[in-house]
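Hi everyone, thanks for making time this morning. I have one structure to walk you through, so please get comfortable and stop me whenever you like.

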Amino acid sequence: MNILALESSCDETAAAVVQDGRKVLSNIIASQADEHRLYGGVVPEIASRRHAEAISGVTRQALEEAGVTLNEIDAVAVTYAPGLIGALLVGVNFAKGLSQAAGLPLVPVHHLRSHIAANYLVHPELKPPFLCLVVSGGHTHIVRVEDYTRFTVIGRTRDDAAGECFDKAARAMGMPYPGGVHLDKIAQNGDPTAFKLPRPHVEGSPFDFSFSGLKTAVINLLHKAEQRGETLPIPDLCASFQYTVCDILCTHTLAAAEQTGDKTIVLAGGVSANSGLRSRMERECAARGLSLYVPPLALCGDNAAMVGAQGYYEYVSGHVAGPDLNACATLPIE
Ligand code: KG4
Ligand code: ZN
């Protein structure tokens, strides 16, 4: 079964063709990051406009690269929530038009579910149930994936998402948007023990996260140094910050796994590209005899192949939408 998948929840316009939820036939991404970089973050209206301009071409390219025509497509899957509402609406309306015109079923896909499904594209043996740490620019969740379309949230952030925290700390250190990847690179030349940073926790909720205090601590350190006319050793600050975020993510996830009894741990979302998080999780999982699955770097960030993977499982579970499908800016994964 071939699914044509579309993604436009943030600042990548993406289309892909995926076979049976597991095989990528094409995966096209048009990134707008260069334009948003001028403003230090995603400007929602610009994002919507760029999606509107790019989506037809990206879809055509995805079909061409897969070597299929619309006649060989069995369903159209689209990210409908959560995300920037104007951006999501472009993908949803385009998918609706296409599904109506071609007489194809329309499959709505939750963005975080699709981040998790990115792992199915490269790990044929991976099947639910498992425990997943979903870390993106807008979300930080520990989720038990009970089945392909059944999820239980075990923990979540109460304030900033991990990616947001990376990006804001990086921005305060003068790095361009999105800063997470730059901070990661610079951290590799620093000493993770140089700065003792706070590890905020949520009282009474051991699996929940709070990152805003950590972000503020980094910003305050930088401001105070500036006021004193001093410069901080940025690689050390990056390494200490990254170490602290990864330590929090890793300890909470492993504690959750101990409680649920899961032996398979999966990483998903943009921040799962972080080198510190990947290596720390690898070490800790190996020491406990847990299997760890991570997406390849190319599938950590937003893309449509992951939408095609999850879309397949949504479709076989009977999750299809009518022509009244709407987009939602927020929607729980459950
Ligand atoms: O999943 P994603 O592409 O978009 C959302 O759904 O939000 O995640 C983007 C986030 C950004 O905050 C970006 O800075 C972060 O993932 N990110 C990283 C790295 N690569 C991307 N954060 C830390 N280290 C990285 N190597
Ligand atoms: Zn995402």
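I'll start with the ligand, go on to the nonpolar core, and finish with some backbone details and single residues.

One thing before we begin: what you see is a predicted model, so please keep that in mind throughout.

Let's go to the ligand. How many residues surround ligand 1? There are 19 of them, and the closest are H115, G137, D167, D184 and N274. If you sort that shell by residue type, you get five nonpolar, 11 polar and three charged residues.

For those of you who think in terms of individual contacts, here are three that involve oxygen atoms of the ligand. The side chain of H115 puts an N or O atom 2.9 Å from an oxygen atom of ligand 1. At G270 it is the backbone that takes part, with a polar atom 3.0 Å from a ligand oxygen. The backbone also takes part at D302, where an N or O atom sits 3.2 Å from an oxygen atom of ligand 1. As for coverage, ligand 1 on its own has 560 Å² of accessible area, and the protein covers 86% of that.

Which parts of the fold build this shell? Helix 4, residues 111-117, helix 5, residues 162-172, and helix 6, residues 180-187, each contribute at least two residues to the shell. Now zoom out to the domains. Why does ligand 1 lie between domain 1 and domain 2? Domain 1 covers 2-118 plus 301-316, domain 2 covers 127-294, and both give residues to the shell, so the ligand lies between them.

On to the core. In soluble globular proteins, nonpolar side chains tend to be buried together. Here, the largest nonpolar core has 43 residues, and the members that touch the most others are L133, M173, L183, F211, F241 and L249. Several elements supply at least two residues each to this core: strand 6 (130-135), helix 5, helix 6, helix 7 (212-227), helix 8 (234-260), strand 9 (264-268) and helix 9 (275-288). Which element gives the largest share? That is helix 8, with 12 residues. Notice that helix 5 and helix 6 come up twice, as each supplies at least two residues to the ligand shell and at least two to this core.

While we are at helix 8, have a look at A239, which is found in that helix. A239 has a relative accessible area of 6%, so it counts as buried. Its C-alpha atom is 34 Å from that of E125, and the two residues are 114 apart along the chain.

In helix 6 we find H182. H182 has 27% relative accessibility, which means it counts as partly exposed. H182 and F166 are 16 residues apart in sequence, with 9.6 Å between their C-alpha atoms.

Next, the backbone, and anyone setting up a calculation may want to look at these spots on screen. The peptide bond from A81 to P82 is cis, with omega near -20°. P82 has its place in the loop between strand 4 (75-81) and helix 3 (85-102). Another cis peptide bond joins Y177 and P178, with omega about -15°. P178 is in the loop between helix 5 and helix 6.

Then there is D20, which is not a glycine and yet has a positive phi of about 50°. Where is D20? The residue is in the loop between strand 2 (12-19) and strand 3 (23-31). Its relative accessibility is 35%, so D20 counts as partly exposed.

Two serines come next. S9 lies in the loop between strand 1 (2-7) and strand 2. Is S9 buried or exposed? With 3% relative accessibility, S9 counts as buried. The side chain of S9 makes a polar contact of 2.7 Å with the side chain of E7.

S99 lies in helix 3. S99 counts as buried too, at 7% relative accessibility. A polar atom of its side chain is 3.2 Å from the backbone oxygen of K96.

Last of all, A102 is also found in helix 3. A102 has a relative accessible area of 33%, which makes it partly exposed. A102 and L70 are 32 residues apart in sequence, and their C-alpha atoms are 7.3 Å apart.

That's my tour, and I'm happy to take questions.

Key: Residues numbered from 1 in each chain as written. Chains lettered and ligands numbered in written order. Predicted model: local features only at pLDDT ≥ 70, side-chain atom pairs only at ≥ 80, totals over all residues. Heavy atoms only, no water. Near = heavy atom within 4 Å. Polar contact = N/O pair within 3.5 Å; in protein donor to acceptor, adjacent residues only side chain to side chain. Areas by Shrake-Rupley, 256 points an atom, 1.4 Å probe, with all protein chains shown as cover. Helix = DSSP H or I, 4+ residues; strand = E, 2+ residues; numbered from the N terminus. Nonpolar A, V, L, I, M, F, W, Y, C, P; charged D, E, K, R; others polar. Domains from an automatic or database assignment. Core = buried A, V, L, I, M, F, W, Y, C linked by side-chain atoms within 4.5 Å. Buried < 20%, exposed > 50% of the residue type's maximum accessible area, 1.4 Å probe, protein only.
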